[in-house]
Amino acid sequence: MADTVTGHDEARLRAALEHAHHPTLALVLVHLTGDTSFLSARYQPAYQAIGGDPDGGLSEDAKAELRDAVFKAMLAYWETGKIVPKSDTPTLKRMMDYCATQPIPDEYVNFAMHELALDGRENLKPGKGIALDRAQAAAFKVLIIGAGMSGIASAIALKEAGIAFEILEKNPEVGGTWFDNTYPGCRVDNPNHLYSYSFEADHAWPQHFSTQDQLLAYFKGVAKKHDLYKSIRFNTEVVSAAWDEAAATWTVRTRTKDGKEETLASNAVISAVGQLNQPKLPDIEGLGTFKGPAFHSARWDHSADLKGRRVGVIGTGCSAIQFVPEIAPKVSHLTVFQRTAGWLAPTPDYHDYITDGKHLLLADVPFYQVWYRFFLFIAMADGPLAYLIKDPSYNRLDYAPNADAAALREGVEQYIREQTEGRPDLTAALTPNFHISGKRSIRDNGVWAAALKRDNVTLETGGIARVTETGIRMQDGRDLAFDALIYGTGFKASDFLVPMEIKGKGGQSLHDVWGGDARAYLGLTLPGYPNFFIMYGPNTNIVVNGSIIFFSECEANYIVSCVKMLQDQKAKAFEVKRDVFDTFNAEVDAANAEMPWGYAEANTWYRNAHGRVAQNWPFRLIDYWNRTRTAHPSDFTFS
């Protein structure tokens, strides 16, 4: 490490420090010098709810002092190559409190220490430390459906534990949603230093919120590093899976792109197809009658030349807000049809590239990457949930659940007014009339309002009557002509595991059991379907706290723990008890009913056709982490 840094020379380090996240420097200094005075109030960052100063409002003098101290400490490090031994637990607790800007409750210490991973990120690999009988594990075969983010995580966990597995992937490549979605402007809405595997942290992300091509390259790289490609059947769709009670195995029927069908057997099945994999077309009369190019954003038609064309975009969700600013300058006229506005989440660095200086700090300054990631993690962990909890004594519950949430909403409303200045029509149209988090919020750095303010862009908020051969007929009788239509209308999030047919004990169809209202214990498993796991299953979507990759790693760890449990019980199959399943889902439903996405009057994919929130996890991250560290035999029956 020292040789790499020395090659940059002192001047380059000085320049790089100008790009630092300064609170991270304070933590680096504790490691480099052992001096805990850098955790004092002078250098303490302030909590920033949304769109705030990334340096937490530190004074310019304090930031200069931190930069100078790190520079001197690095000179000493280059000369000696020595770092102060790992801090003791009380000091680490102070350092984590500093990140959180408040004392971390005692129950969080083990959780935070695990995520911090000062002993090495390798130890964060799901399944790590779960001791299985290797001979039994190698004879226990698992079929994984899907080679996206969750499928890759589960494969790595199974490989770590020595469990035999094979991945079945309908596409010709890994990546899942990052392979399917190639629309212009497609990018993640979670900071990439969090939206990446904890055990495969990457300091070389080109942007804070990376684009589809970078994300696909990352997942391909991880799959190659862990030698997964030899275990993947590409262009292979799973048609059905049925439980064979006599053999205690799953029979899985597959179909290749050329129509060849095959039947496979396994001891367990992991569905890693996710929630957002089936594009949803709008329920509008006349769909399919339009004579020009018409396609969903998740199936972007790159052969359709939009340059100089009249284009209609139906939908203003996260995908549309990414691709509309990209295509607006190219088309002759763009009409955007909005049913419900979503809350904008001010994110000034949403399209920013990470500077060379910051890359140098992440790559070469000891512990910088570790604490920078932890800062992001702790800021997006359970703290934001405080903005969603109802305060019964608060007198504006129709506006926000508590006073802090009201202040947040007022700040976002002001942001929208600033972005739409001079266009009161857009101010009204882009300001939702429901609680923040009533539906999915949208990362924005000003490009959305800027696109809608263009002379060649029109925002329509009236109702659509039907799609016609030439365009759109509005409910007020107007006919709008287009050369192309794009549907940015999201996914069939509530249609879990569609179109696969899953049959459990007694041949019972899972889709019949669910009846359009999917439920699972911990989002993972359910009665009557032994040795069957669902990753990113019902009620495991997160809204304001953390990264979905965190959940997938927890789930992968739990699956390995379940196989270990089977070995310990000397059993071939397990299924969750009905009362455990019912109690869990009753708790989830009660908690979701108290969250904005449960009571806000907004059109949202968080609720299914029954009106129940079937997607979201309403509790803390630590709660899911605790419940998935180890599978408890008392929750299950065995055969």
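# Reading sheets, cores and rings

Author: In strand β17, Tyr 487 is the bridge partner of His 296. Keep in mind that we're looking at a predicted model.

Reader: Fine, let's start there. How do I read strand pairing in general, and how many bridges join β8 to β17?

Author: The general idea is that strands of a sheet pair through backbone hydrogen bonds, either parallel or antiparallel. Here, strand β8 (residues 294–296) and β17 run parallel, joined by three bridges.

Reader: And which strand pairs with β17 over four bridges?

Author: That's strand β9 (residues 310–314), again in the parallel sense. If you want a residue to click on, find Val 313, which stands opposite Ile 486 in β17.

Reader: What order do the strands take in this open sheet?

Author: Read it as β8-β17-β9-β10-β13, five strands with parallel pairing. The edges are β8 and β13 (457–460), each pairing on one side only. From one strand to the next, the twist averages 15°.

Reader: Take me over to the β13 edge. Which residue in β13 is the bridge partner of Val 336?

Author: Leu 459. Strand β10 (residues 333–337) and β13 are parallel and share four bridges.

Reader: Back to β17. Are the side chains on its two faces buried or exposed?

Author: A handy way to look at a strand is to take its two faces in turn. In β17 (residues 484–487), Ala 484 and Ile 486 are on one side, Leu 485 and Tyr 487 on the other, and all four are buried. Both faces are covered, in other words.

Reader: Which helix lies across β9, β10 and β17?

Author: Helix α11 (residues 318–327) does, and its direction is at about 170° to β9.

Reader: Now the nonpolar cores. Which residues have the most contacts inside the largest one?

Author: Tyr 197 and Leu 334, in a core of 196 residues. Helix α18 (residues 548–569) supplies the largest share of this core, 13 residues. Then there's a second, separate core of twelve residues, including Ile 314, Phe 337, Met 474 and Phe 482.

Reader: What is Leu 334 in contact with, leaving aside its neighbours within four places in sequence?

Author: Val 311, Val 313, Val 324, Ile 327, Ala 328, Asn 456, Val 457 and Thr 458. You've met Val 313 already, opposite Ile 486 in β17.

Reader: Next, the other open sheet. What order do its four strands have?

Author: β6-β5-β4-β18, this time with mixed pairing. At the edges stand β6 (261–266) and β18 (501–503); each has a single partner strand, so one side of each is left without a neighbour in the sheet. Ignoring direction, neighbouring strands here are turned by 20° against each other on average.

Reader: Which residue in β18 is the bridge partner of Ala 241?

Author: Ile 502. Ala 241 is found in strand β4 (residues 236–244), and β4 runs parallel to β18, with three bridges joining them.

Reader: Why is Ala 241 called buried?

Author: The cut-off is under 20% relative accessible area. Ala 241 has 1%, so it counts as buried. Ser 240, also in strand β4, has 16% and counts as buried too.

Reader: What do those two residues touch, not counting residues up to four places away in sequence?

Author: Ala 241 touches Trp 250, Thr 251, Val 252, Glu 501, Ile 502 and Lys 503. For Ser 240, the contacts are Thr 251, Val 252, Arg 253 and Glu 501. Sequence distance can mislead you: Ala 241 and Gly 504 are 263 residues apart in sequence, but their C-alpha atoms are 8.4 Å apart in space.

Reader: Last topic, rings. How many aromatic pairs does a search of the whole structure find?

Author: 38. Read a pair by the distance between centres and the angle between planes: for Trp 178 and Tyr 195 these are 6.0 Å and 80°, so the pair is edge-to-face. Trp 178 lies in helix α9 (residues 177–180) and Tyr 195 in the loop between α9 and α10 (212–225), so the pair ties together parts that are 17 residues apart in sequence. Both Trp 178 and Tyr 195 are buried.

Reader: And where does the charged end of Arg 396 sit?

Author: Over the ring of Tyr 399, 4.3 Å from its centre. Likewise, Arg 187 lies over the face of Tyr 350, at 5.6 Å from the ring centre.

Technical notes
Residues are numbered from 1 along each chain as its sequence is written. This is a predicted model: local features need pLDDT of at least 70, side-chain atom pairs count only at pLDDT 80 or more; totals for chains, interfaces and linings use all residues. Side-chain values use heavy atoms; hydrogens and water are left out. Buried means under 20% relative accessible area, exposed over 50%, partly exposed in between (1.4 Å probe, protein chains only). Two strands pair if DSSP finds at least two bridges between them. Rings of Phe, Tyr and Trp (its six-membered ring) pair if their centres lie within 6.5 Å; planes under 30 degrees apart count as stacked, over 60 as edge-to-face and the rest as tilted. A charge sits over a ring if NZ of Lys or CZ of Arg is within 6 Å of the ring centre and within 35 degrees of the ring normal. A nonpolar core is a set of buried Ala, Val, Leu, Ile, Met, Phe, Trp, Tyr and Cys residues joined through side-chain atoms within 4.5 Å. Contact means heavy atoms within 4.5 Å. Axes are lines fitted to C-alpha atoms, for helices over the stretch in contact, and angles run from 0 to 180 degrees between N-to-C directions.
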